[in-house]
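User: Could you take a close look at one charged pair in this structure and then show me how the rest fits around it? I'm in my first year, so please explain the terms as you go.

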Amino acid sequence: MDRQALGAQAEGIARRHLTAHGLELVCENYRCRVGELDLVMRERGTLVIVEVRMRRASRFGGARASIHGGKKRRIVRAAQHLLMTHRALARLPVRFDVVTLDRCADAGEGVETRVEWSRAAFEAPP
């Protein structure tokens with residue numbers, strides 16, 4: 001499976017996980033010249049920007065370790081663009097969440113995907 005298909009699969013797993021926990025999808029794969037937002041969701045009165053990360057192996061620290069400062073800055077800039085172009089969303093408080101999917105060996109049937117949802121994983125700089 002190529003990277004793009006694997007990414008789409010990971011985002012689908014994350015979207016289903018979040019909607020099962022009561023979040024509502026606003027849009028997915030929002031792209032602009034400054035970056036991309038994987039999932040934009042709403043939880044009650046809060047706009048939730050979700051970064052989805054998947055790693056096939058944890059030898060480099062797992063999916064969570066792959067979100068560095070530069071990646072966070074691009075996510076924040078893309079979120080700012082979204083809010084400037086969709087004024088109704090700009091009225092909502094914003095939270096940045098991360099959903100990580102780590103594939104880990106399972107003694108039984110091969111490979112299992114572990115989903116971890118981190119609420120308010122990082123904040124936009126002031």
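Analyst: Let's start with K71 and E51, whose side chains meet in a salt bridge, with N and O 3.6 Å apart. K71 belongs to helix α2 and E51 to strand β3, so this pair ties together parts that are 20 residues apart in sequence. A salt bridge here means a side-chain nitrogen of Lys or Arg within 4 Å of a carboxyl oxygen of Asp or Glu. Helices (H or I, at least four residues) and strands (E, at least two) are DSSP runs, numbered from the N terminus.

Before going on, please note that this is a predicted model: local features need pLDDT of at least 70 and side-chain atom pairs count only at pLDDT 80 or more, while totals for chains, interfaces and linings use all residues. Residues are numbered from 1 along each chain as its sequence is written, and side-chain values use heavy atoms, leaving out hydrogens and water.

Are the two partners buried or exposed? E51 has 2% relative accessibility, so it counts as buried. K71 is buried as well, with a relative accessible area of 18%. The cut-offs are these: buried is under 20% relative accessible area, exposed is over 50%, and partly exposed lies in between (1.4 Å probe, protein chains only).

Now let's look at other charged pairs. The structure holds 8 salt bridges. One of them joins R15 and E28, where the closest N and O atoms are 2.8 Å apart. R15 sits in helix α1 and E28 in strand β1, so the pair links parts that are 13 residues apart in sequence. R15 is partly exposed at 23% relative accessibility, and E28 is partly exposed too, at 32%.

Another salt bridge joins R114 and D102, with their closest N and O atoms 3.6 Å apart. R114 is in strand β5 (residues 110-122) and D102 in strand β4, so parts 12 residues apart in sequence are tied together. Here R114 is partly exposed, with a relative accessible area of 42%, whereas D102 counts as buried at 11%. There is also a network: salt bridges that share partners join E43, R95, D97 and R119.

For contrast, try E11, which is in helix α1 (residues 3-20). E11 is buried but has no salt bridge, and the nearest side chain of opposite charge, R15, is 6.4 Å away. For charge, Lys and Arg count as positive and Asp and Glu as negative, with His and the chain ends not counted. What does E11 touch beyond its neighbours within four places in sequence? The residues in contact with E11 are N29, D38, L39 and V52, where contact means heavy atoms within 4.5 Å.

The strands come next. Strand β1 (residues 24-32) and strand β2 (residues 35-43) run antiparallel and are joined by 7 bridges; two strands pair if DSSP finds at least two bridges between them. In this pairing, Y30 has L37 of β2 as its bridge partner. The two strands form a hairpin, with 2 residues between them. β2 is mostly covered, as 7 of its 9 residues are buried.

L37 appears again in the largest nonpolar core, which has 17 residues; L37, L47, I49, L82 and F96 touch the most other members. β1, β2, β3 (46-55), α2 (69-85) and β4 (94-106) each supply at least two residues of this core. Helix α2, home of our K71, gives the most, with 6 residues. A second, separate core of 12 residues includes A14, V48, V50 and W117. A nonpolar core is a set of buried Ala, Val, Leu, Ile, Met, Phe, Trp, Tyr and Cys residues joined through side-chain atoms within 4.5 Å. As for F96, beyond its neighbours within four places in sequence, its contacts include I49, I75, A79 and F122.

Finally, step back to the whole protein. There are 3 helices and 5 strands, and along the sequence they follow the pattern α-β-β-β-α-α-β-β. Of the 126 residues, 37% count as buried. Among the contacts with a separation of 6 or more, 54% are between residues 24 or more positions apart. The protein exposes about 7600 Å², with carbon and sulfur atoms supplying 47% of it; accessible areas come from the Shrake-Rupley method with a 1.4 Å probe, and for residues only the protein chains shown count as cover.
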